[in-house]
Amino acid sequence: MAESRIEFRAEELAERLGGELRNCDPGKLLRGVRPLEEALADSVSFLANPKYGAKALASGAGLILADPRSDLGGQPVLVVANPYWAFARAVGLFHPEPEPAWGEAPVHPSARLGEGTRLGPGVTIGARTVLGARCVLHPGVHVGDDCVLGDGCELFSGVVLYRRTRLGRGVRIHANSVLGSDGYGYVLVDGRHEKVPQAGWVELGDDVELGACVTVDRGVLGPTRIGAGTKVDNQVQVAHNVQVGEHCLLVSQVGISGSVKIGDYVTLAGKVGVAGHLEIGARSIVSGNSVVAKSLPEGSFVAGIPARPHREWAEAQAALNRLPRWIRAQRKSGKD
Amino acid sequence: MAESRIEFRAEELAERLGGELRNCDPGKLLRGVRPLEEALADSVSFLANPKYGAKALASGAGLILADPRSDLGGQPVLVVANPYWAFARAVGLFHPEPEPAWGEAPVHPSARLGEGTRLGPGVTIGARTVLGARCVLHPGVHVGDDCVLGDGCELFSGVVLYRRTRLGRGVRIHANSVLGSDGYGYVLVDGRHEKVPQAGWVELGDDVELGACVTVDRGVLGPTRIGAGTKVDNQVQVAHNVQVGEHCLLVSQVGISGSVKIGDYVTLAGKVGVAGHLEIGARSIVSGNSVVAKSLPEGSFVAGIPARPHREWAEAQAALNRLPRWIRAQRKSGKD
Amino acid sequence: MAESRIEFRAEELAERLGGELRNCDPGKLLRGVRPLEEALADSVSFLANPKYGAKALASGAGLILADPRSDLGGQPVLVVANPYWAFARAVGLFHPEPEPAWGEAPVHPSARLGEGTRLGPGVTIGARTVLGARCVLHPGVHVGDDCVLGDGCELFSGVVLYRRTRLGRGVRIHANSVLGSDGYGYVLVDGRHEKVPQAGWVELGDDVELGACVTVDRGVLGPTRIGAGTKVDNQVQVAHNVQVGEHCLLVSQVGISGSVKIGDYVTLAGKVGVAGHLEIGARSIVSGNSVVAKSLPEGSFVAGIPARPHREWAEAQAALNRLPRWIRAQRKSGKD
């Protein structure tokens, strides 16, 4: 998923990231960065939050970045002062940001266009990008390097696809939406917010439709993904590594924080916010303007800030409305 | 309003939409799709929600799409399994999406530009579009086919006008705003969200000003309209078929759901949300961050989630703030 | 800060703005517009709200626009019916909107590009704009007249910088963000919202990063400013004359109203709103979805609508959740 063609010996990483190896052959080759639970024998992973200690002990990672207080038994560890910052720099080492390939020509000579695909004036297409058949790119669309678009996609003016974006068949994206911008990831080091390189990409399934001025950030590692048949309204924000299921409805001005997982057939009504790393079970409905602050089981129907079962919410609302009258009554009867 | 130059016989529609005619001459000519209350003798209309039965009985429509359980007396009916889905397909039949006309030239040869109108580099103008005098289109503006712009309009870089957008005189639109993108309309058929074609357009009155990254969707049928003199801040979302009055103020990050009607001189403060199909009476003020969940009479002054009269809201807020203290007091006195 | 090279005699202003001079030499030269507390001996200022009367009495302004009821002692005054509207027109007189300079060439011949700076296809650069070394402007970026970009800036596709925008070194701005659009300022005159000219600009410090579809309005007079090292997520709105400190985090869909001042190291979590003219002290944290309605001292940790100390908010939330159960209990015991 997140492997690059770059490799480092453990001792090189120790030098570059400024740490000390434990239980690790200095010559061991590492070939990528992965989360603890997905790590392979040649993956670097990291333990920044002690609550994931058990995951780190169970991980198959070839090298774990951890702080001096962590006790990871016999696991191969690179002891560093700030594991998250070391992780950020490791991502940068394995995924150096390539220079964009554009030259003078709006369509890079290495791009390939399917039969019947039409490009409006002012469209630019990056290197090695492949467009399916019968795509329509309206004037002023910008597609980066190494993108893949399925057959029959339509992109309206001003849409921007960053490098490595992947669209299924029949995807429609309305004007000025952005796919693949950097996720919002920083780590505070010596009073400065240092950037966590965003080395992933964005993937949209077949028949996804996005409204205007939607933003979908690329993953840190791996994809941010929106499943087939999901329809997204204008001005929705989807953060890095979010996984949206199939046939969902995300109504206007929804904001979804990083790494959220949303099942199939979920509806998030207008202006809903979802906090990071939560899961929303399939077929759930979140009423407009709610804020989801806890994971929700399948088939939930919730409302409010924070979101709770619709019935509870309605009851609390009713109580709140009666409250002033009731407090007045209590006060009169000398209870307050 | 929504008529096309396409016509179908009732029996053709029955075949294409898969239904059975009742009380209707199979040869009757239908020439467009309209809501029940605006339907003409050659209009197709539909009854999807039983609560509009009376409207359907009173409608002058030439053909009403309705489900088998509906009893519409002697009205001409096409009985279908899913009237809303049949309506969506009927819209598509009467309003087939035209191919965009652009070729190599950034300004289509059939476009007409008024005297003194200036186009920056990278501007594209669609077929048959007419720009008034003294317009200024900054670099990278994209105007679609069949648009009409009044005299003295100024569009900043990255603005996108979809086909058929109509602007009055002296309209200013800031960078990267989008007018005329598809409204958010789908109907669930066999587990898939099928698209309701969006066949309308956007209309802005004289002296309207829109901020940056504003989105205004085209109507399903007919226009989404913003009245003369109304000023819209950045990142506001206006859904399909919304009608905003004259001299309104829509502050940043407001979201207005489909078919809402807003009177003249209304102020919606920052981040306000308005639920679908409501009416907000003239000279109303909605405080920032409120959610309008019911229609409001003229001159309303409301706040809160959901929005209620400002005084009630302030009282409820005060009560809520005192609540913890009060509960503690009650508990001490043994009441809880 | 807001001086122009234009000057007017007091009697000329009296004629153009339609008012009467008091305590003022008709030949006095005025050279700009400034707020009361920053006004110089050749500045025009204004008193629209009587609560600032003391400031007006203490001001060193060369001429104060005030209404007939204001008593400003011996201060030099231009008595007008509507001081704010007179101020708006005065801004327009001293800061006439220049015509954009673009011609046929995408890069204006007077623009200067630093060594190693790369421009993608479709980039446009305005007159007299200066780009530092090693900047990367992706396809379809539009930079206006009189901008200044430091070394090593990267602007992604569709970014729009209005005239006079100033970026420090190493600034990164993601796709379709807009800097320098007009602030949202109008004054109601005879039933119409007349525009207050927006004569300022936008300034970003070194190492600022902005996400996609962010909007930052230019100041009315002087700059809207975002301090060095501050990181801004997608779809954030920053209104005119906001001053954001250094090393802040503004998470997605935050909206900041006009003239707000934010200290260093402040975090505004997702969807937070901040009302106009407030101050948020350094190192404050505002939880997601909160609305800041009062100024906050340094080191605040707040939540809720309106935002209050996190502990109070949590207590009120808990009380609200218990409320229905408790009301039921009280009702049973015959108290309601």
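**Three chains around a three-fold axis**

In this predicted model, 36 residues of chain A are in contact with 35 residues of chain C, two residues being in contact if their C-beta atoms, placed from the backbone, lie within 7 Å. Local features in the predicted model need pLDDT of at least 70, side-chain atom pairs count only at pLDDT 80 or more, and totals for chains, interfaces and linings use all residues. Residues are numbered from 1 along each chain as its sequence is written, while chains are lettered from A and ligands numbered from 1 in the order in which they are written.

On the side of chain A that touches chain C, two or more residues come from each of β19 (178–181), β21 (192–195), β24 (215–217) and α4 of chain A. Helices (H or I, at least four residues) and strands (E, at least two) are DSSP runs, numbered from the N terminus. The most is given by α4(A), with five residues. By residue class, this side of chain A holds 16 nonpolar, 15 polar and five charged residues. Here Ala, Val, Leu, Ile, Met, Phe, Trp, Tyr, Cys and Pro count as nonpolar, Asp, Glu, Lys and Arg as charged, and the others, Gly among them, as polar.

Turning to the other neighbour, 35 residues of chain A are in contact with 36 residues of chain B. Here too α4(A) supplies the largest share of the side of chain A, five residues. The residues on this side of chain A divide into 12 nonpolar, 19 polar and four charged.

The helices themselves offer a good place to look at the contact between chains A and B. Helix α4 (residues 310–332) of chain A packs against helix α4 (residues 310–332) of chain B at an angle of about 80°, with the axes 8 Å apart. Axes are lines fitted to C-alpha atoms, for helices over the stretch in contact, and angles run from 0 to 180 degrees between N-to-C directions. The two helices, α4(A) and α4(B), are therefore roughly perpendicular to each other; angles under 35 degrees count as roughly parallel, over 145 as roughly antiparallel, 65 to 115 as roughly perpendicular and the rest as oblique. From α4(A), the residues A:Leu320, A:Asn321, A:Leu323, A:Pro324 and A:Ile327 meet B:Glu315, B:Ala316, B:Ala319 and B:Leu320 of α4(B). Seven of the residues in this helix contact are nonpolar, one is polar and one is charged.

How are the copies related? Two copies of a chain are related by a rotation about an axis and a shift along it. Chain A is superposed on chain C by a rotation of 120° with 0.0 Å of shift along its axis (RMSD 0.1 Å), the superposition being by least squares on the C-alpha atoms of residues with pLDDT of at least 70 in both copies. That is the relation of a three-fold axis. Only 19% of the interface residues of chain A are also interface residues in chain C, so the copies meet through different surfaces. For chain A on chain B, the superposition likewise takes a rotation of 120° and 0.0 Å of shift along the axis (RMSD 0.1 Å). In that pair, 20% of the contact residues of chain A recur in chain B, and the copies use different surfaces.

Within a single copy, chain A has four helices and 38 strands. Its C-alpha atoms fill a box of roughly 80 × 60 × 35 Å along the principal axes. Of the 336 residues in chain A, 57% are buried; a residue is buried if 20 or more other C-beta atoms lie within 10 Å of its own, exposed if 12 or fewer, and partly exposed in between, with C-beta atoms placed from the backbone.

One residue shows this on a local scale. A:Leu149 sits in strand β14 (residues 148–149) of chain A, and A:Leu149 is buried, with 26 other C-beta atoms within 10 Å. Leaving aside residues up to four places away in sequence, A:Leu149 touches A:Leu131, A:Gly132, A:Cys135 and A:Leu167.

In chain B, nine strands form an open sheet with parallel pairing, in the order β8-β11-β14-β17-β22-β25-β28-β31-β34; two strands pair if DSSP finds at least two bridges between them. β8 (112–113) and β34 (279–280) of chain B stand at the edges with a single partner strand each, so one side of each is left without a neighbour in the sheet.
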